[in-house]
Amino acid sequence: MEKQRITGAEALMRSLENEGVTTLFGYPGGAIMPVFDALYDHKDTLNHVLVRHEQGAAHAAQGYARVSGKVGVCLVTSGPGATNTITGIADAMMDSTPIVVICGQVGANMLGSDAFQECDLVGVTQPISKWAYQIRRPEDIAWAVSRAFYIARSGRPGPVVLDFAKNAQVGMVDYEPENVDFVRSYVPVPKTDPESVVEAARMINEAKRPLVLVGQGVELGEAQEELLQFLELADMPAGCTLLGLSALPSDHRLNMGMLGMHGSLASNRKTQECDLLIAVGMRFDDRITGNLSTYAKQARKIHFEIDPSEVNKNVPVDLAVLGNCKDTLAAVTALMKKQQHTEWIDSFEVHHEEERRIVIEPEIHPQDGPIKMGEVVRKVTEMTGNEAILVTDVGQNQMLSARYFKFTKKRSIVTSGGMGTMGFGIPAAIGATFGAPDRLVCLFMGDGGIQMTIQEFGTIMEQGAPVKMILLNNNYLGNVRQWQEMFFHRRYSFTPMLNPDYNMIASAYNIPNETVVAREELEAAIDRMIHTEGPYLLQVAVIEEGEVMPMCSPGNDVDDMLLQIKKD
């Protein structure tokens, strides 16, 4: 192919197209202006979504990546534009989300001079990204972009930052595309030890009370079918992490519910009774394990993991099976015997029944009183045929959505797990509508998180992004309020919220909206929301001092779960 002499900004456009990029989320500014000028001529191939804040660009790229399986891309200017993306970069790193963040930078000759809107972005983002690189010459653009996408999507995915000096944007280069598929010293997928496969199968074949912990690694590795075959052959019950919830259909007979602090009573209690604990693509987060000194001490442990640094980091294991779980699960399954663990599986039911009676039924089918969050979530999921994508903000809305939403399709939950970023919901949901345009996107949020990124209503208006927004309004920072009730003697320090009229705000952005106060109005309102073309804001006035239960209090054993808070 004959080389073409073009500007660095144009070289970036062609490099993005070479990587299969079709959608970008961003915000222009001085140091990235040559790139936006080049983008003007690529509007037919590169759809740029103008957000209203750079944090929104990063979260939208995350939402896009999580539902599509592709790399999300955001494009912002230098200085505050770049630093505004940092929360999204850190969030993507914690939750293994592949995004490439391209930021403008002052010219290379001005670096270190404290020039206008200069910031050492590489230095700032190196600890929270897989790779951060400063492009100082136009000759490095094709290589850097290809390398960035390769690193972001390969192995355990994550964010990559490209700091793009202005002289490299305007300089001329003899461009030809590059395709990086190897980086020295970077091993995205570790080699699987064949003996570990044999030993894993032996341990599973001998287990009497196995329990599988399903993490997001199953979704990232596209190993959903392999997981089903693995579970069904050995008849093993499973619990799912927050980010792994849609890796296994909610109604599958072996799915025992969510793990962790606000997870299923059965899956948490049985963690302390199983004789073999099998972790698949999860990192033993503290919200899953509770007190590490007592966590599953009775069980032998197998860890299926793509990132060797996660093995034995929090929980010592007896065996690690390294590699992509799509391959390792299949390899182990091929050596496993067909089994039945009927008595073990049946023993979960007494815990399910206890939770249904004390927690679930009063939450989703209350007889009187204010509307509860759980009943709203359950009605929405049922009325969407359990086929929608769930996006959440962070807080009580997140935990109750995770508990009561039902999943039948893969890549159906988008939430901020490791960072717990309030304000994540709206921009992530916007990104999800672009990543999965054929699917219904339902966003649950609270009256705290909505105000952190409410400016993205402007993006929804401009794009017509069909986000179905359910605002669960309890006039509190609900999750913090619950902790204050439980651990701080109900001293509600700065958690009550004086809220604006959200319906007026939505109307100002031409977003259809309504508010539900009475239970008997809820179902019809949800139906209107679902069947209204484009975006919709459904505000529901919910119980002010509602709780998320069960709950494993911080520092407690994972099976030591509160089912109720004693009210005065």
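Here are some informal notes on this structure, which is a predicted model.

1. Let's begin with the whole chain. It has 568 residues, and a compact globule with that many would have a radius of gyration near 24 Å; the chain has 24 Å, so the two agree. Along its principal axes, the C-alpha trace spans about 70 × 60 × 40 Å.

2. Now for what the chain is built from. You can find 23 helices and 22 strands in it. Take the contacts between residues at least 6 apart in sequence: 77% of these join residues at least 24 apart.

3. How much of the chain is buried? Buried residues make up 60% of the 568. The accessible surface comes to about 22400 Å², and 51% of that belongs to carbon and sulfur atoms.

4. Helix α14, residues 325-333, is a nice one to look at up close. Its buried residues are Cys-325, Thr-328, Leu-329, Val-332 and Thr-333. Look down the axis of α14 and they fall within an arc of 130 degrees, so they line one face of the helix. The spacing makes sense with a bit of textbook background: an α-helix has 3.6 residues a turn, so residues three or four places apart point the same way.

5. What covers that buried side of α14? The cover includes the helices α9 (194-206), α10 (217-220) and α11 (224-234). It also includes the strands β12 (276-280), β13 (300-305) and β14 (319-322).

6. Pick out Thr-328, which lies in helix α14. Its relative accessible area is 2%, and because buried means under 20%, Thr-328 counts as buried. Leaving out residues up to four places away in sequence, Thr-328 touches Thr-192, Phe-304, Val-321, Leu-322 and Gly-323.

7. While you're there, check the start of α14. A side-chain oxygen of Asn-324 comes to within 2.9 Å of the backbone nitrogen of Lys-326.

8. Next, the cysteines. How many disulfides are there? The count is zero, with a disulfide taken as a pair of cysteine sulfur atoms within 2.5 Å. Cys-274 is in no disulfide, and the nearest cysteine sulfur, that of Cys-240, is 15 Å away. Cys-552 is in no disulfide either; for this residue the nearest cysteine sulfur is that of Cys-274, 16 Å away.

9. Are Cys-274 and Cys-552 buried or exposed? Cys-274 has a relative accessible area of 0%, so it is buried. Cys-552 counts as buried too, at 4% relative accessibility.

10. There's a peptide bond worth finding in the loop between β20 (536-541) and β21 (551-552), where Pro-550 lies. The bond joining Met-549 and Pro-550 is cis, with omega at about 0 degrees.

11. Which residue in the loop between β5 (99-105) and α6 (121-125) should you look at? Try Gln-117, which sits in that loop. Its phi is near 60 degrees, a positive value in a residue other than glycine. Gln-117 has 26% relative accessibility, so it counts as partly exposed.

12. Asn-510 also has a positive phi, about 60 degrees, although it is not a glycine. You'll find Asn-510 in the loop between α22 (502-508) and β19 (513-516). At 63% relative accessibility, Asn-510 counts as exposed, because the cut-off for exposed is over 50%.

How values were computed
Residues numbered from 1 in each chain as written. Predicted model: local features only at pLDDT ≥ 70, side-chain atom pairs only at ≥ 80, totals over all residues. Heavy atoms only, no water. Buried < 20%, exposed > 50% of the residue type's maximum accessible area, 1.4 Å probe, protein only. Helix = DSSP H or I, 4+ residues; strand = E, 2+ residues; numbered from the N terminus. Arc of directions from axis to C-beta. Contact = heavy atoms within 4.5 Å. Polar contact = N/O pair within 3.5 Å; in protein donor to acceptor, adjacent residues only side chain to side chain. Rg over C-alpha atoms; globule rule 2.2 N^0.38 Å. Areas by Shrake-Rupley, 256 points an atom, 1.4 Å probe, with all protein chains shown as cover.
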